[in-house]
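Hello,

Here is the model I promised to pass on to you. Have a look at it first, and then read on for what I found in it.

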Amino acid sequence: MSGANVISHPLVQHKLTIMRDKGTSTQGFRRLLREISTLLCYEVTRDLPLAHQTIETPLEEMQAPTLAGKKLVFASVLRAGNGLLEGMLDLVPSARVAHVGLYRDPETLMPVEYYFKAPEDLNERLVIVVDPMLATANSAIAAIQKLKERSANNIRFLCLLAAPEGVAKFNEAHPDVPIYTASIDRKLNEKGYIVPGLGDAGDRMYGTK
Ligand code: PRP
Ligand code: URA
């Protein structure tokens, strides 16, 4: 699909507003990101296929629904992706985890890769890539390219905020990967920041500058 799936759940929108507020502390920001990520995880997984297995309740045997297929992979784009990862793992503790280490060069706005580690059998699993911010989309496009080179073929991208420019570029680069986000903001500014946005997600999570 083109565009993005916007998750408009009132609790998501309420928490996002507090996260955007520049007066919110590092501790508060981190806690809210963890809380909001469980709600986003709920939405990004809402159509997962189910299979049935036979279990015995204390009263009788039944065919009960269970997630079909292999365990999910959550791929965190470091470092800010880890803020979403924690809450996702609270909800799906059995998920496997991939780490893609990228930072955005502040001059060129191009991603610089410094780390990659992922499960072997990505081609057999749904991979949900998480990063709070989709700005120019250069980082997300590169992270997904890398995962595809390692055979991933069933991918979703989850972020907190997106810029319209980033959504368009991402759709063009990876038309097979749906985007889920809590908001598509107004635009990118001249420094490649999302406005109104929430600032630098990694810095706000970790109290760096
Ligand atoms: C931020 C963010 C994304 C990227 C988005 O990371 O977490 O990875 O910028 O920007 P883009 O869409 O223009 O590529 P950053 O490079 O600041 O690194 P960090 O997570 O280590 O703070
Ligand atoms: N990365 C961030 O953390 N924030 C932005 O607004 C853009 C890129």
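How many nonpolar, polar and charged residues does the shell around ligand 1 have? This is a predicted model, and in it that shell has 13 nonpolar, 6 polar and 4 charged residues.

Staying with ligand 1, 23 residues surround it, and the closest are Arg104, Ala135, Thr136, Ser139 and Gly202. The elements that give two or more residues to this shell are strand 4 (73–78), strand 5 (96–104), strand 8 (133–134), helix 4 (138–149) and helix 6. Helix 4 provides the largest share, with 3 residues.

Now to ligand 2. Its surroundings are made up of Met133, Ala135, Tyr193, Ile194, Gly197, Asp200, Ala201 and Gly202. By class, the shell around ligand 2 has 5 nonpolar, 2 polar and 1 charged residues. If you compare the two lists, Ala135 and Gly202 turn up among the closest residues to ligand 1 and also around ligand 2.

The UniProt record is worth having open as you look at this part. Its unreviewed entry lists Ile194, Gly199, Asp200 and Ala201 under "binding site". Of these, Ile194, Asp200 and Ala201 are in the shell of ligand 2 in the model. Gly199 sits in the loop between strand 14 (194–195) and helix 6 (201–206), and Asp200 is placed in that loop between strand 14 and helix 6 as well.

Are these two loop residues buried or exposed? Gly199 has 15 other C-beta atoms within 10 Å, so it counts as partly exposed. For Asp200 there are likewise 15 other C-beta atoms within 10 Å, and therefore Asp200 is partly exposed too. The cut-offs behind this are 20 or more for buried and 12 or fewer for exposed.

Met133, from the ligand 2 shell, also leads into a small piece of sheet. Its bridge partner in strand 10 is Leu161. Strand 8 and strand 10 (residues 161–162) run parallel and are joined by 2 bridges. They belong to an open sheet of 3 strands in the order 8-10-12, with parallel pairing. At the edges are strand 8 and strand 12 (183–184), each of which pairs on one side only.

Lastly, the wider frame: the unreviewed UniProt entry gives residues 6–208 as "domain: Phosphoribosyltransferase". Across that stretch the chain is 34% helix and 29% strand, and its end C-alpha atoms lie 29 Å apart.

Happy browsing, and all the best!

Conventions. Residues numbered from 1 in each chain as written. Chains lettered and ligands numbered in written order. Predicted model: local features only at pLDDT ≥ 70, side-chain atom pairs only at ≥ 80, totals over all residues. UniProt positions renumbered as here; feature names shortened; annotations may be inferred. Helix = DSSP H or I, 4+ residues; strand = E, 2+ residues; numbered from the N terminus. Near = placed C-beta within 6 Å. Nonpolar A, V, L, I, M, F, W, Y, C, P; charged D, E, K, R; others polar. Pairing = 2+ DSSP bridges.
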